[in-house]
Amino acid sequence: MLLASLVLVPFIGSLLAALMPQSARNHESWLAIAVASYGLIVAGALYPEMAAGEVLREESAWLPTKGLAFVLRVDGLAWVFTMLVLAIGLLVVLYARYYMSADDPVPRFFSFLLAFMGSMLGVVLSGNLVQLVVFWELTSLTSFLLIGYWHHRADARRGARMAFTVTATGGLCLMAGVLVLGHIVGSYDLDVVLAAGDRIRAHELYLAALVLVALGALTKSAQFPFHFWLPHAMAAPTPVSSYLHSATMVKAGVFLLARLWPALAGTPEWTWIVGGAGVCTLLLGAFIAIFQHDLKGLLAYSTISHLGLITVLIGIGTPLAMVAAIFHILNHATFKASLFMAAGIIDHETGTRDLRVLRGLRHKLPITATLAIVASAAMAGVPLLNGFLSKEMFFAETLSVGGERNWWMSYAAVAMGMFSVAYSLRFISIFFGAPAQDLPRDPHEPPRWMRFPVELLVLACLVVGVAPAISIAPVLEIAVAATLGAAAPSYDLAVWHGFNLPLLMSMLALAGGVLLYVVLRRHFDLQRRERVPLFHHFNGAQVFETTMLQVTRAAGWLLRRLGTTRLQPQLLLMMIALLILPPLLAGTPPAWTRIALQGFDPLFATIWAIGGGCAIAAAWMAKYHRLAALALVGGTGIVTAATFLWLSAPDLALTQLMVETVTTVLILLGLRWLPPRIEAAAAPLAPFSRASLRRARDLLVAVAGGLAIAALTYAVLVHPASDTIADFFLLNALGGGGGSNVVNVLLVDFRSFDTLGEITVLAIVALTVYALLRRFRPAPESAAIPAQQRNEADPARGQTPAEQANSGYLMVAGIYLRLLLPFMGVIAVYFFMRGHNLPGGGFVAGLVFAVAILVQYMLAGTVWVESHLSLRPHRWLGLGLVLACATGLGAWLFGHPFLTTHTAHVTWPLVGELHLPSAFVFDLGVFTVVVGTTMLMLVALAHQSLRGHRLPGEDGAEDRQAAGGRTI
Amino acid sequence: MEMVIAIAVGVMFASGIWLILRPRTFQLIIGLMLMSYAVNIFIFAMGRLWVDKPPITPLPDIDPAQFADPLPQGLVLTAIVIGFATTALYLVMMIGARGLTGSDHVDGEEPRE
């Protein structure tokens with residue numbers, strides 16, 4: 001749990017931070033400080049175990065069937081990184097408290113920052129490679145959010161998108177690489193993978209795994225040719241640059257390479273891919289850094305170069321090189337984080353980061369200047385500072401590459417050393433010279449606690465640089481022992497190794513760097529050069545943007561060529577696919593064994609002659625005669641219902657009949673809003689015109705589809721039925737379900753979970769219909785009262801529907817239809833009560849009851865009905881769902897699975913013994929939802945006729961009153 | 001009987017396909033209704049045709065072979081009710097689109113011809 005809490009606490013903190021009010025800058029900082037401190041204490045307490053070389057693991061099940069476990073694993077390397085992430089994190093949140101302005105939305109900032117901290121710890125502590133990739137992508141995501149923190153700025157959005165695209169794509173490559181590794185090893189567990197190094201290197205897929213993992217690591221660590229995202233990520237607030245983009249996240253790539261060193265390293269491919277990328281990055285980054293005019297840009301390119309240095313060391317891959325790599329990771333994190341913070345202070349105090357403007361700052365910012373100069377010296381590799389030590393180890397390692405005669409690696413190292421001295425000088429030049437007069441703000445020393453993190457980090461640089469053996473040596477030892485295992489070399493962390501070649505290289509770099517800077521400054525106009533010499537053509541960002549633009553354009557082109565937004569072609573394709581695909585997919589048909597068929601019945605054939613005729617006629621009429629088409633479809637529906645009745649499905653027949661009724665009313669209510677379409681006004685189709693050809697084609701498809709499904713139906717019907725689960729339902733309905741109507745028992749008992757889903761869908765559809773209708777605006781020409789109702793000769797004109805029913809021409813109908821209401825109510829109850837044993841049930845009863853109410857609406861209009869009857873369809877919906885769910889949940893009380901039914905035998909006075917299955921209550925829920933759904937949809941539609949009398953655009957409040965009134 | 005059912009399903013399905021390929025929303029909705037009848041009967045027929053053998057079992061000891069298959073019936077009952085709900089949804093979209101776009105073409109605009 002302890003390790004899990006390390007990862008979890010930052011995420012919990014992130015959630016809490018997000019919930020705080022906008023102005024709670026201090027509370028946010030305290031929360032973040034508490035989170036980081038908690039982690040530091042927990043991780044710090046692990047020191048004895050780490051010093052003893054132990055590996056701690058915590059495991060919990062994740063996807064056990066896939067052999068994946070959620071493993072948190074801490075060894076020396078992970079521990080050192082954990083401490084780094086937490087310690088720098090603590091300093092950064094303290095710094096951010098003063099850096100962030102009161103106008104910035106601070107909760108968002110701290111929430112993202114803490115989420116990043118958790119993700120990064122997840123990467124470091126993962127003991128499972130798939131899980132590592134998940135956290136890896138989370139760091140990309142949080143980095144994206146943090147770079148885009150000031151999302152009103154275009155450069156922030158652009159930088160965020162670029163960083164995310166590059167690192168997340170790399171993450172996908174890493175995922176693929178991890179899958180290949182898992183395929184080779186047979187496990188994703190880190191310990192197993194690390195132990196299988198020889199097997200991996202010997203496998204034919206080794207190169208694929210290496211390239212994919214390297215792509216992941218190199219993109220994350222901003223290595224050539226993917227380095228271009230890092231300078232653009234500088235649009236982030238400076239604490240983010242300091243934390244993510246110099247100290248921790250960009251180190252995730254080199255961390256991964258160091259982590260997988262036992263599994264992947266030690267081959268020429270490793271050296272060429274990793275080392276090659278590193279060398280290019282180190283030279284390119286250092287060179288370009290000299291010519292930056294933005295303080296943070298300079299630091300970003302310097303970071304790229306130092307990451308390249310670490311990558312080269314890992315690429316060299318000897319044990320001593322790995323020691324140097326890990327050492328430099330720690331050193332770079334210390335001095336670069338402090339330099340970023342110093343740059344942030346300068347930006348904060350002067351209002352600019354432009355190296356061409358800034359000068360003479362040591363007069364106004366003496367302490368910050370001193371700190372920054374010391375940190376820059378560490379960056380340049382000046383003796384007695386930490387950067388010197390690891391850089392000297394680097395020089396020593398480069399000498400070992402290429403043997404006695406091949407010195408190119410050493411030349412590259414010295415060149416990079418010279419460049420880094422030059423850009424460090426460029427950085428500190430802002431503190432010297434005459435004080436600048438044209439600064440946007442008059443600088444002062446920052447608040448005490450804003451400078452404190454810088455002071456602490458610079459102090460660390462000094463301590464490590466002067467006395468490495470007693471300060472950093474034990475920590476480094478822990479990480480080295482864990483990374484290299486038995487291969488860990490003996491090394492000596494001393495400031496003075498005597499006069500040797502690496503020292504000469506260091507001196508050469510220092511002297512050469514100073515010379516280079518002076519020459520550039522004097523003779524090449526360094527302060528005013530707009531472009532980086534030689535390399536300004538290699539603009540990775542430009543290539544990236546161009547590629548993205550072309551991808552977008554290509555996608556648009558494909559969409560235009562292959563897609564359509566028009567419905568008819570889509571449906572046509574779907575229908576053709578429906579015709580062509582099933583025969584292709586189907587296997588050979590079974591042998592033609594005929595079974596005894598049902599005898600031919602002329603009456604049945606006759607009703608289908610009517611039904612089929614109605615269908616064809618409806619298809620014929622649907623364009624110009626909508627009412628006729630609707631009536632004809634109703635005819636087909638009734639024949640369908642009769643067929644169900646004929647063929648032993650009384651429940652279906654009842655349901656179909658009721659649904660038919662309700663659907664017809666529904667569509668009648670909608671007809672009014674459609675535009676008039678007069679047949680006589682339409683021009684006749686010319687033969688062989690495009691339209692008539694299209695019709696011929698559609699007719700062909702329709703006839704083919706009809707023939708196909710008819711043939712299929714016949715083929716199925718003349719084959720004997722295979723064994724189904726029907727027998728189980730038939731045999732168990734009465735005994736197990738307590739009802740003799742098997743279909744109803746099926747719905748409310750055996751398959752009640754399906755039914756629960758179905759009534760939920762019904763409720764959702766009803767609410768959707770209601771919501772859509774609230775925003776409904778009729779077309780202008782159908783908004784007025786229809787012409788038929790305005791006819792002078794009609795005595796009912798001017799009467800409300802209620803007057804027509806009470807005293808007008810509908811008086812007779814009014815009397816008996818109102819009388820019908822209680823009878824229909826009784827029929828609904830009757831169908832409901834007998835549903836378990838005889839045809840009926842909640843669906844049918846609900847529809848019958850809804851029709852009973854509907855009839856009243858049709859008779860006397862919405863206003864009259866709603867003033868006499870308070871129906872609240874929303875509540876019916878809710879109540880029904882609650883009833884159904886509560887019945888299901890009730891089973892839990894008795895220790896049975898969800899929706900288990902139970903039949904109670906209750907003896908009532910007078911009535912006698914009654915079977916009361918819990919499915920009965922469930923069915924009541926179904927009934928209630930069906931009533932609510934039908935009422936809600938139909939009444940909402942009916943209400944549109946009230947608003948129709950007003951022209952659109954009138955006062956919306958009235959609309960709401962009419963549509964959303966009291967009763968709906 | 002089998003032949004009649006097969007032809008009936010075919011006729012309804014063909015009318016449905018014809019209608020859903022038409023340009024007007026009302027034609028589409030009628031087409032979908034006809035298609036849902038056809039599909040419902042098609043699924044129902046998968047349990048084969050039974051006359052006078054409804055799946056109602058008043059006695060405990062029965063021969064399952066003497067009753068119609070209740071499973072397709074249960075499924076089709078659900079399908080009928082859901083079909084009603086989706087028809088309602090189409091209808092509301094139909095009149096809503098007509099109000100918003102001023103056209104009853106399925107694409108919300110008259111074709112450019």
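## The β1–β2 hairpin of chain A

In this predicted model, strand β1 of chain A, spanning residues 56-63, pairs in the antiparallel sense with strand β2 of chain A, residues 68-74, and the pairing runs over 7 bridges. One of the residue pairings in this hairpin joins A:Ala61 to A:Ala69, its bridge partner in β2(A).

Between β1(A) and β2(A) lie 4 residues, and in this hairpin A:Gly67 takes a positive phi near 70 degrees.

## Extent of the contact between chains A and B

Turning to the interface, chain A contributes 107 residues to the contact, while chain B contributes 84 residues. Together, chain A and chain B bury about 8700 Å² between them, and 78% of that area is on carbon and sulfur atoms.

## Polar and charged interactions across the interface

Between chain A and chain B there are 17 residue pairs in polar contact, counted where both residues are at pLDDT 80 or more, and the two chains are also joined by 4 salt bridges. In a salt bridge between the chains, the side chain of B:Arg22 meets that of A:Asp698, with a distance of 2.2 Å from N to O.

Helix α30 of chain A, which covers residues 690-717, supplies 15 residues to the side of chain A that touches chain B, and this is the largest share of that side. Sorted by class, the side of chain A that touches chain B consists of 67 nonpolar, 25 polar and 15 charged residues.

How values were computed. Residues numbered from 1 in each chain as written. Chains lettered and ligands numbered in written order. Heavy atoms only, no water. Contact = heavy atoms within 4.5 Å. Buried area = accessible area lost by both parts, 1.4 Å probe. Polar contact = N/O pair within 3.5 Å; in protein donor to acceptor, adjacent residues only side chain to side chain. Helix = DSSP H or I, 4+ residues; strand = E, 2+ residues; numbered from the N terminus. Nonpolar A, V, L, I, M, F, W, Y, C, P; charged D, E, K, R; others polar. Pairing = 2+ DSSP bridges.
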